Amino acid sequence: MEDTKTIAKAKRGLHGEIMIPGDKSISHRSVMFSALGSTPVHITNFLHAQDCLSTAACMRALGASVEFSSETELTVCGRGLHGLQEPATIIDAGNSGTTLRLMMGILAPQPFLTTFTGDASLHKRPMGRVIKPLRQMGAKIYGREQNTKLPITIVPAEGKLHGMVYESPVASAQVKSAILLAGMYADAPTTVVEPFTSRDHTERMLEAFGVHTKKEGTAVTIEPVEEFKAPEAIEVPGDISSAAYWLVAGAVVPGSSLLLRNVGVNPTRTGILDVLRDMGAEITRENERTSGGEAAADIRVEASQLHGVSFGAEIMPRLIDEIPVIAVAALFAEGDTVITGAGELRVKETDRLQAITDEFNKLAPGSVEASADGLVIHGGTKVKHASCFSYDDHRMAMSLAILGTAGEGVTIEKPACVNISYPSFYGTLSSLQA
């Protein structure tokens, strides 16, 4: 793809149906967990994007069979919970924080050495929040900058890991998942207590593999596990984080009407729906159903008159990845939107709070102010055409594209990063204006 991409203003609204690509979080876990089983698992609607392909490559390197029959369909067969093999070389997690953090949980108890690397962005991201609790369980994990950054090496622990109760300072599905996965191999039960409940895709998929977790308030406990009972098939629902761009576009581009097919509506992920409804968006669910323990539905969104809202830390685990595109909705709302409790965004693929502030102010000067852990967005600011930088961050690139579509157009520098999670994004955006 070219170094820049120009997105035109949508003059007649956006119309059509969109099949939402497979959920990124569930695609990762479907491959990882299937590789810990010992019978074939047929996975459909897998997200064929760079991050998820990094996970597939990691599991292959550890001895699992991963065979694609199409871009979105594959069969994974592992060697059992204790059958992973020492990789022949360094494992590359690419840009994927989910791959690296969850894999550390799976590999910390293994009787062999593993070394991880990743791309330039992943080398900057903090891994201490996962490494610290795993080391408390007895894992031996070493990394750059006092065991917090890539490259990271995991060496065999002395005996079994120890079960523990871990009071997590952050509500993070990746931290929780890494500890629970390591806890499967521990000598006693392992409990993670969070300040707020984070996404529960790991717990739901563990259930599909016959492993029960116990939930009490914001605490989750796992007992040591003897075996995985792999299901024959897993259908991955559409990713609500990918649907979020169309939910906002449908609401803010005048004259729009969109139907989003097969959207995952797991309650720990639907903060975007709650916030947009609070802003006045016309959003309705249709055809609600359940697949593999995960709720899914079709979602209809119509152009709406929005107004500013305030939200903070309590809802943040349910919409942290959607903040950039929620900020787009806020620009077209009446009044101010105040976002707090989002400090986590400063340690994503880029410092997203600063990136949103810098780039959105190019398109709508004076519209966004950043705080230490949030944003104040002044709705109704006049939007113009400008050239903006994606920071090689897929969520920034897609949010800027929606902002340009609803405004006066935008030129995006480094647009190809959408391949991380949504390779067909630009093509879909173009088709909705046809």
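Me: Two strands pair if DSSP finds at least two bridges between them. In which sense do E18 and strand E19 pair?

Reply: This is a predicted model, in which local features need pLDDT of at least 70, side-chain atom pairs count only at pLDDT 80 or more, and totals for chains, interfaces and linings use all residues. Residues are numbered from 1 along each chain as its sequence is written, and side-chain values use heavy atoms, with hydrogens and water left out. Helices (H or I, at least four residues) and strands (E, at least two) are DSSP runs, numbered from the N terminus. Over two bridges, E18 and strand E19 (residues 336–339) pair in a sense that is parallel.

Me: Which strands are the edge strands of the open sheet?

Reply: The open sheet has four strands in the order E18-E19-E21-E20, with mixed pairing. Pairing on one side only marks the two edge strands, E18 (310–311) and E20 (368–370).

Me: Which residue stands opposite Val338 in E21?

Reply: Val338 lies in E19, where it is the bridge partner of Ser310. E19 also pairs with E21, in the antiparallel sense and over four bridges. Opposite Val338 in E21 stands Val376.

Me: How many residues lie between E20 and E21 in their hairpin?

Reply: E20 and E21 pair in the antiparallel sense over three bridges. Within E21, Ile377 is the bridge partner of Val368. The number of residues between the two strands of this hairpin is four.

Me: Which side chains along E21 point to one face and are buried?

Reply: A residue is buried under 20% relative accessible area, exposed over 50% and partly exposed in between (1.4 Å probe, protein chains only). Side chains alternate along E21, and Val376 and His378 point to one face and are not buried. Pointing to the other face, and buried, are Leu375 and Ile377.

Me: At about what angle does helix H12 run to E20?

Reply: Axes are lines fitted to C-alpha atoms, for helices over the stretch in contact (heavy atoms within 4.5 Å). Angles run from 0 to 180 degrees between N-to-C directions. Helix H11 (residues 323–331) lies across E18, E19 and E21 (375–378) and runs at about 30° to E21. Helix H12 (residues 352–363) lies across E20 and E21, and its angle to E20 is about 155°.

Me: Which side chain is joined to that of Ser198 by a polar contact?

Reply: Ser198 is in the loop between strand E11 (190–193) and helix H8 (201–208), and it counts as buried because its relative accessible area is 2%. Leaving aside residues up to four places away in sequence, Ser198 touches Ala171, Ser172, Ala173, Lys176, Thr268 and Pro317. A polar contact is a pair of N or O atoms within 3.5 Å; within protein, one must be able to donate a hydrogen and the other to accept it, and residues adjacent in sequence count only if both atoms are side-chain atoms. Such a contact, of 2.7 Å, joins the side chain of Ser198 to that of Glu194.

Me: How many residues apart are Asp274 and Arg318?

Reply: A salt bridge is a side-chain nitrogen of Lys or Arg within 4 Å of a carboxyl oxygen of Asp or Glu. The side chains of Asp274 and Arg318 form one at 2.9 Å, N to O. This pair links distant parts of the chain, Asp274 in helix H10 (residues 271–278) and Arg318 in the loop between E18 and H11, with a separation in residues of 44.

Me: Does Asp298 count as buried or exposed?

Reply: The side chain of Asp298 meets that of Arg289 in a salt bridge of 3.6 Å, N to O. Arg289 has 30% relative accessibility, so it counts as partly exposed. Asp298 has 4%, and therefore counts as buried.

Me: How many salt bridges does a search of the whole structure find?

Reply: One joins Arg346 to Asp351, with the closest N and O atoms 2.8 Å apart. Arg125, Arg199, Asp321, Lys348, Glu349, Arg352, Asp393 and Arg395 are linked in a network of salt bridges. For the whole structure, the search finds a total of 29.

Me: What is the radius of gyration of the protein?

Reply: The protein has 14 helices and 23 strands. The radius of gyration is taken over C-alpha atoms, and the globule rule is 2.2 Å times the number of residues to the power 0.38. The rule gives 22 Å for 434 residues, and the protein is close to this, so it is as compact as a globular protein of that length, with a radius of gyration of 21 Å.
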